[in-house]
Amino acid sequence: MSSYKVSEVLVGGAVLAGAIAFGVYASQSTGLSQGASGYELNASFRSLEGVGVGTDVRLAGVKIGTVTGVALNPETYRADTTFAISDGILVPDDSAIVISSEGLLGGNFVEVMPGGSLFNFEPGDQVEDTQGAVSLISLLVKFVAGDGGE
């Protein structure tokens, strides 16, 4: 019969508490927690490079939601995307959804470019005005090759 020291039990408890805290943080930061309230919108992109489930949706640099679903449409070969917008945030129905970059080395996020309409998107609506991710490598290749339309 083995005897456990109090210090071993305390260290084991601390490790378990840390693992649980990390799991809760990871599920919240990736959008896997179902407790968030809000409404969903849909959009279709030509390129969704750098965006996945859990990616931030921002308006004026402020996080207003999260990407909740990404799937390839086999008929259009576009990335169909679902994202949740926080309750209380009204998005005009002529707004554009753009994949933006945080900088040269940063990741991508979904940016809402608000329109001026007096009417707002309803839950489940499809956003038609979208712009996919711009590949930095493609832009650099065009610049170096001198493909500037002279």
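**View 1. Threonine 55 in the loop between E1 and E2.** Threonine 55 is found in the loop that lies between E1 and strand E2 (56-59), here shown in a predicted model. Although it belongs to a loop, threonine 55 has a relative accessible area of 12% and is therefore counted as buried, the limit for that class being under 20%. A polar atom of the threonine 55 side chain lies 2.8 Å from the backbone oxygen of glycine 52. When neighbours within four places in sequence are left aside, the contacts of threonine 55 are Gly65, Thr66, Val67, Asn108, Phe109 and Val110.

**View 2. The salt bridges around aspartate 56.** A search of the whole structure finds two salt bridges, and Asp56, Arg58 and Lys63 are linked by salt bridges in a network. In one of these pairs the side chain of arginine 58 meets that of aspartate 56, with 3.4 Å from N to O; in another, the side chain of lysine 63 meets that of aspartate 56, again with 3.4 Å from N to O. The accessibility of the participants can be read alongside these distances: arginine 58 is buried, with a relative accessible area of 18%, whereas aspartate 56, at 22% relative accessibility, counts as partly exposed. Lysine 63 counts as partly exposed, with a relative accessibility of 45%. Because buried means under 20% and partly exposed begins above that limit, the 18% of arginine 58 and the 22% of aspartate 56 place these two residues in separate classes.

**View 3. The open sheet and its edges.** Eight strands form an open sheet with mixed pairing, in the order E7-E1-E4-E3-E2-E6-E5-E8. Strand E7 (126-127) and strand E8 (130-131) stand at the edges with a single partner strand each, so that one side of each is left without a neighbour in the sheet. At the E7 edge, strand E1 (residues 39-45) and E7 run parallel and are joined by two bridges, and alanine 43 stands opposite valine 127 in E7. Along the sequence, the elements of the protein chain run α-β-β-β-β-β-β-β-β-α from the N terminus on, which corresponds to two helices and eight strands.

**View 4. Strand E5 between E6 and E8.** Strand E5 (residues 96-101) is largely enclosed by the rest of the structure, because five of its six residues are buried. E5 and strand E6 (residues 108-113) run antiparallel and are joined by six bridges; within this pairing, serine 101 stands opposite asparagine 108 in E6, and isoleucine 97 has valine 112 of E6 as its bridge partner. With E8, E5 runs parallel and is joined by two bridges, and the bridge partner of valine 98 in E8 is glutamine 131.

**View 5. The pairing of E2 with E6.** E2 and E6 run parallel, and two bridges join them. Arginine 58 has glutamate 111 in E6 as its bridge partner, while the side chain of arginine 58 meets that of aspartate 56 in a salt bridge.

**View 6. Valine 57 and the largest nonpolar core.** The largest nonpolar core holds 20 residues, of which Val57, Phe83 and Ile85 touch the most other members. E1, strand E3 (62-73), strand E4 (78-85), E5 and E6 each supply at least two residues of this core, and the largest share, four residues, comes from E1. In soluble globular proteins, nonpolar side chains tend to be buried together. Not counting residues up to four places away in sequence, valine 57 touches Val62, Lys63, Ile64, Gly65, Thr66, Val67, Phe83, Ile85, Val110 and Val112. Among these contacts are Phe83 and Ile85, which are themselves named with Val57 as the core residues that touch the most other members; also among them is Lys63, whose side chain meets that of aspartate 56 in a salt bridge.

**View 7. The protein chain as a whole.** As context for the close-ups, 26% of the 150 residues of the protein chain count as buried. The protein chain exposes about 10100 Å², of which carbon and sulfur atoms supply 60%. Among contacts between residues at least 6 apart in sequence, 61% join residues that are at least 24 apart.

Key:
Residues numbered from 1 in each chain as written. Predicted model: local features only at pLDDT ≥ 70, side-chain atom pairs only at ≥ 80, totals over all residues. Heavy atoms only, no water. Salt bridge = Lys/Arg side-chain N within 4 Å of Asp/Glu carboxyl O. Buried < 20%, exposed > 50% of the residue type's maximum accessible area, 1.4 Å probe, protein only. Pairing = 2+ DSSP bridges. Core = buried A, V, L, I, M, F, W, Y, C linked by side-chain atoms within 4.5 Å. Contact = heavy atoms within 4.5 Å. Areas by Shrake-Rupley, 256 points an atom, 1.4 Å probe, with all protein chains shown as cover. Polar contact = N/O pair within 3.5 Å; in protein donor to acceptor, adjacent residues only side chain to side chain.
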